[in-house]
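Subject: Handover of a structure and notes on its contents

Dear colleague,

Please find below the structure that I am handing over to you. I would be grateful if you could read the notes beneath it with the structure open.

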Amino acid sequence: MDRQVVNRSMSANVWMPPQTDFLGNLAMDFISRQETLERDYASICQRFDIVAPLLHVNPTQQRQQLPVREFCSLRTRRLVQRVYARDYEWLGYE
């Protein structure tokens with residue numbers, strides 16, 4: 001991963017664009033997060049009086065939830081934070 005991040009220009013990051021690129025100048029009062037998807041979905045359904053289950057299609061059976069420190073070096077984490085600085089700032093990531 002280090003090599004992929006280092007070899008990409010921060011302004012021309014086509015590999016995985018910052019999430020804030022998709023937000024543009026849209027006015028919004030809620031942004032859902034993958035980390036809290038079930039809770040966010042329930043909140044949206046309640047807000048708009050919707051009754052619908054959140055489907056989990058094609059789930060991965062063998063995925064382990066590991067802290068990022070377990071599989072990314074400090075150098076990689078710093079590079080990712082630099083490339084995605086606006087996401088960290090706007091979306092409150094740590």
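The notes below set out what was found, residue by residue. Please bear in mind that this is a predicted model.

Thr20 and its surroundings

Thr20 belongs to helix H2, which covers residues 20–23. Its relative accessible area is 2%, so Thr20 is buried, the limit for that class being under 20%. Leaving aside residues up to four places away in sequence, Thr20 touches Arg86, Asp87, Trp90 and Leu91. With one of these residues, Arg86, there is also a polar contact: the side chains of Thr20 and Arg86 meet at 2.8 Å. Arg86 has a further partner in Trp90, since the charged end of Arg86 sits over the ring of Trp90, 5.2 Å from its centre. Arg86 and Trp90 are thus both in contact with Thr20, and Arg86 is placed over the ring of Trp90 as well.

The aromatic pair

The structure contains one aromatic pair. It is formed by Tyr88 and Tyr93, whose ring centres are 6.1 Å apart. The planes of the two rings stand at 75°, and because an angle over 60 degrees counts as edge-to-face, the pair is assigned to that class. Tyr88 has a relative accessible area of 23% and is therefore partly exposed. Tyr93, with a relative accessible area of 32%, is likewise partly exposed. Tyr93 also has a charged residue over its face: Arg33 lies there, at 5.0 Å from the ring centre.

Two residues with positive phi

Most residues other than glycine have a negative phi. Against that background, two residues deserve your attention.

Asp49 is not a glycine, yet its phi is positive, at about 55°. Asp49 is located in the loop between helix H3 (37–47) and helix H4 (68–71). Its relative accessibility is 71%, so Asp49 counts as exposed.

Asn58, also a residue other than glycine, has a positive phi near 55°. The loop between H3 and H4 holds Asn58 too. At 70% relative accessibility, which is over the 50% limit, Asn58 counts as exposed.

When you go through the model, I would suggest that you begin with Thr20, which is buried, and then turn to the aromatic pair of Tyr88 and Tyr93. The loop between H3 and H4, with Asp49 and Asn58, may be left until last.

Yours sincerely,
A colleague

Key: Residues numbered from 1 in each chain as written. Predicted model: local features only at pLDDT ≥ 70, side-chain atom pairs only at ≥ 80, totals over all residues. Heavy atoms only, no water. Helix = DSSP H or I, 4+ residues; strand = E, 2+ residues; numbered from the N terminus. Buried < 20%, exposed > 50% of the residue type's maximum accessible area, 1.4 Å probe, protein only. Polar contact = N/O pair within 3.5 Å; in protein donor to acceptor, adjacent residues only side chain to side chain. Contact = heavy atoms within 4.5 Å. Phe/Tyr/Trp six-rings, centres within 6.5 Å; stacked < 30°, edge-to-face > 60°. Lys NZ or Arg CZ within 6 Å of the ring centre and 35° of its normal.
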